[in-house]
Amino acid sequence: MNSISRNPVSSPIRPKPANRESIHLQPGIIAARKGRRFPWSIALLVSALYCGDPLSDPKVQERRSQIPEQYQPGFDRFIENNCQACHGLTGDGSGPLNSSGRFDIPDFRNPGSYRHGVSISEIRNSIEFGVEGGRTGMQAYQNIPPEHLDSIAEYIRWLQKP
Ligand code: HEC
């Protein structure tokens with residue numbers, strides 16, 4: 001007696017078409033998973049190392065503690081949007097992306113170095129629409145929500161204090 005000949009008659013559990021389909025798909029899924037396992041783990045590792053909450057960086061925290069509470073939300077948005085990569089943690093223009101001096105970046109602490117206006121609304125415009133269509137290195141940030149643009153502009157304006 002062999003189970004194959006008996007199976008269609010006596011087995012109460014006959015695979016439904018949906019089950020059969022998933023069985024057919026499985027080798028493909030397994031292959032895809034196998035192929036992806038390595039890059040995904042690397043991606044996770046990289047994100048854990050480099051893309052973890054930038055606000056939890058001790059240097060960022062230290063800088064934040066020197067800022068009056070009302071401007072801290074603006075500072076947080078400044079960090080979240082990676083503005084410090086060019087403009088630097090203190091706004092002096094010495095961010096790591098400009099280590100080669102490639103960009104001509106104003107010092108936010110010095111009103112005389114701004115080229116596109118020192119008022120909150122002018123600063124906000126520079127952020128929202130960029131400078132010269134981004135050719136200067138300063139791109140438009142139209143993805144930043146209006147209230148965040150406001151708080152970043154207020155923070156940058158505060159940096160101009162004597
Ligand atoms: C890739 C580098 C880079 C990044 C990132 C960057 N900027 Fe800029 N930013 C520049 C440069 C370069 C200028 C000067 C443009 C010019 O006038 O030639 C500038 C100019 C500005 C100005 C105008 C200053 C003036 O001269 O009037 C403001 C305000 C500003 N940036 C805010 C921001 C904010 C806020 C962020 C993040 C949301 C940001 N930038 C991200 C490079 C950058």
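Okay, let me start with one residue: E132 is exposed, with 10 other C-beta atoms within 10 Å. Keep in mind that this is a predicted model. E132 sits in the loop between α6 and α7, and the backbone there is a bit of a curiosity: phi is positive, about 50°, although E132 is not a glycine. As a reminder, most residues other than glycine have a negative phi.

There's another one like that. N82 has a phi near 65°, again a positive value in a residue other than glycine. Where is N82? In the loop between α4, residues 72–80, and α5, residues 84–87. And N82 is exposed as well, because it has 12 other C-beta atoms within 10 Å and the cut-off for exposed is 12 or fewer.

Okay, stepping back to the whole chain. We've got 7 helices and 0 strands, so if you read the elements from the N terminus on, you just get α-α-α-α-α-α-α. Of the 162 residues, 15% count as buried. And if you take contacts between residues at least 6 apart in sequence, 46% of them join residues at least 24 apart.

Now back to E132's loop, and the helices on either side of it. How do α6 and α7 meet? The axes of α6, residues 120–129, and α7, residues 146–159, come within 9 Å and cross at roughly 120°. That makes α6 oblique to α7, since the perpendicular range stops at 115 degrees. The crossing is right-handed.

Who's touching whom? From α6 you have I120, I123, R124, I127 and E128, and they meet L149, D150, I152, A153, E154, I156 and R157 in α7. Sorted by class, that contact has 7 nonpolar, no polar and 5 charged residues. Among the charged ones are R124 and E128 on the α6 side, with D150, E154 and R157 on the α7 side.

Last stop, V60, in helix α3, residues 58–65. Is V60 buried or exposed? Neither, quite: with 17 C-beta neighbours inside 10 Å, V60 counts as partly exposed, because buried needs 20 or more. Leaving aside its neighbours within four places in sequence, V60 is in contact with P54, L55, I79 and L89. Take I79 from that list: V60 and I79 are 19 residues apart along the chain, and their C-alpha atoms are separated by 8.2 Å.

That's my tour, thanks.

Notes
Residues numbered from 1 in each chain as written. Predicted model: local features only at pLDDT ≥ 70, side-chain atom pairs only at ≥ 80, totals over all residues. Axes fitted to C-alpha atoms, helices over the stretch in contact; angles between N-to-C directions. Helix = DSSP H or I, 4+ residues; strand = E, 2+ residues; numbered from the N terminus. Parallel < 35°, antiparallel > 145°, perpendicular 65-115°, else oblique. Left-handed = near helix turned anticlockwise from the far one by under 90°. Contact = placed C-beta atoms within 7 Å.
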